[in-house]
Amino acid sequence: PGEGSQYINMLADLCIHFPEVRQCFDRIDGIFSGHARGYLLSDIVFPPPCFSETERKEAARKLWEMDGAVEALLTANEALLTLLRRLELQPDVILGHSTGEYSAMHAAGVFSLIDSADNGERARALNQHYAGVAARSDIPRSHLVAIGTDAEKVKSIIDKSESPVFIAMDNCPHQTVVAGPESAVIALAAEMSRQGVICQDLPFDRPYHTPLFREYAETLKRFFKRWPVAAPHTPIYSCTTMKRFPEEPDSIRKLAVDHWVRPVEFRKTIQKMY
């Protein structure tokens, strides 16, 4: 799973029953102990049960910020992967959705973003990178809406209106996520609602998986250039290309960057895998 799947107390039941799951969260807490932001991932994923509604909303807000969201997502995915391996459940093929594609790459042995072998240096560098990007004014903000219909219908409306809106995710036959300037996305959602289609605003303000995110994607090149990359040991598909991952390191690095400026073709990739 990718961003949007994180929530307060996620995997709490597994943390109680499986120490290896808890250890993944403990490890990320150790990596960010003493960080300038002043909180640990466990503070917002597993907050004290007595905290107020205001504090709960603040924890939820941090879980949706770029660094908190990605950190929570990658840690939870790592925890589940660790548990599945302990239970000796081995995948025949792997797929990730959006940011979850990085977790899929880790599961397939391509690379690791959170690795205790480097004492957390890679994770801290990525966190610092997110903070730097968030402070920049040249990374455009966006409005995202989930539309309860297929991508072909959404595209036809976009094309007719010549709207500057992009399809960011083709999730399934009854959900398409669009991103773009707020006024244009709101107008598109209004038109879809007039046609009886359910629309829901998403708590993101970043134009993930559209050309609008090119500036951010370019900043990732230096990270992937210096990180070890290997051919996958387990078959893995990409929702960017709807194909199997390449095996050449440079091609993998390019795909990891292109991933952010091209749509998540989840529905078509599932069909291709089938």
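This note sets out numbered comments on a predicted model.

1. Helix α6. This helix covers residues 100-107, and seven of its eight residues are buried, so the rest of the structure largely encloses α6. The buried residues are G100, E101, Y102, S103, A104, M105 and A107. They pack against two strands, β1 and β6 (236-238), and against the helices α5, α11 (221-226) and α12. Just after α6, G109 adopts a positive phi of about 80°.

2. H259. This histidine is located in the loop that runs between α12 (249-258) and α13 (266-273). Its relative accessibility is 1%, and H259 therefore counts as buried, the cut-off being under 20%. Leaving aside residues up to four places away in sequence, H259 touches S98, T99, E101, Y102, H209 and T240. Two of these residues, E101 and Y102, are also listed among the buried residues of α6.

3. The pair H259 and T240. In sequence, 19 residues separate H259 from T240, while their C-alpha atoms are 5.6 Å apart in space. The two side chains make a polar contact with each other, at 3.2 Å.

4. The sheet β1-β6-β7. Three strands, in the order β1-β6-β7, form an open sheet with mixed pairing. β1 and β7 (243-244) each have a single partner strand and stand at the edges, so one side of each has no neighbour in the sheet. β6 and β7 run antiparallel and are joined by two bridges. In this pairing, S238 stands opposite K243 of β7.

5. Strand β4 and its partners. Strand β4 spans residues 175-180; five of its six residues are buried, and the strand is therefore largely enclosed by the rest of the structure. β4 pairs with β2 (residues 143-147) in the antiparallel sense, over five bridges. H143 has G180 as its bridge partner in β4. Strand β3 (residues 166-172) also runs antiparallel to β4, and five bridges join the two. Here M169 stands opposite V177 of β4. The connection from β3 to β4 is a hairpin of two residues. As a general point for reading the side chains, those of a regular strand alternate between the two faces of the sheet.

6. S163. This serine is placed in the loop between α8 (151-161) and β3. S163 has a relative accessible area of 17%, and because the limit for a buried residue is under 20%, it is classed as buried. Apart from residues up to four places away in sequence, S163 touches I158 and A184.

7. Nonpolar surface patch. L84, L87 and L89 together form a nonpolar patch on the surface, with an accessible area of about 270 Å² in total. L89 belongs to the loop between α5 (66-86) and β1 (94-95). With a relative accessibility of 48%, L89 is classed as partly exposed, because exposed requires over 50%.

8. Points to inspect in the model. Which side chain makes a polar contact with that of H259? It is the side chain of T240, at 3.2 Å. Which strands of the open sheet stand at its edges? They are β1 and β7, each with a single partner strand.

Conventions: Residues numbered from 1 in each chain as written. Predicted model: local features only at pLDDT ≥ 70, side-chain atom pairs only at ≥ 80, totals over all residues. Heavy atoms only, no water. Patch = residues over 30% accessible without salt bridge, like charges linked within 9 Å, V, L, I, M, F, W, Y side chains within 5 Å. Areas by Shrake-Rupley, 256 points an atom, 1.4 Å probe, with all protein chains shown as cover. Salt bridge = Lys/Arg side-chain N within 4 Å of Asp/Glu carboxyl O. Helix = DSSP H or I, 4+ residues; strand = E, 2+ residues; numbered from the N terminus. Buried < 20%, exposed > 50% of the residue type's maximum accessible area, 1.4 Å probe, protein only. Pairing = 2+ DSSP bridges. Contact = heavy atoms within 4.5 Å. Polar contact = N/O pair within 3.5 Å; in protein donor to acceptor, adjacent residues only side chain to side chain.
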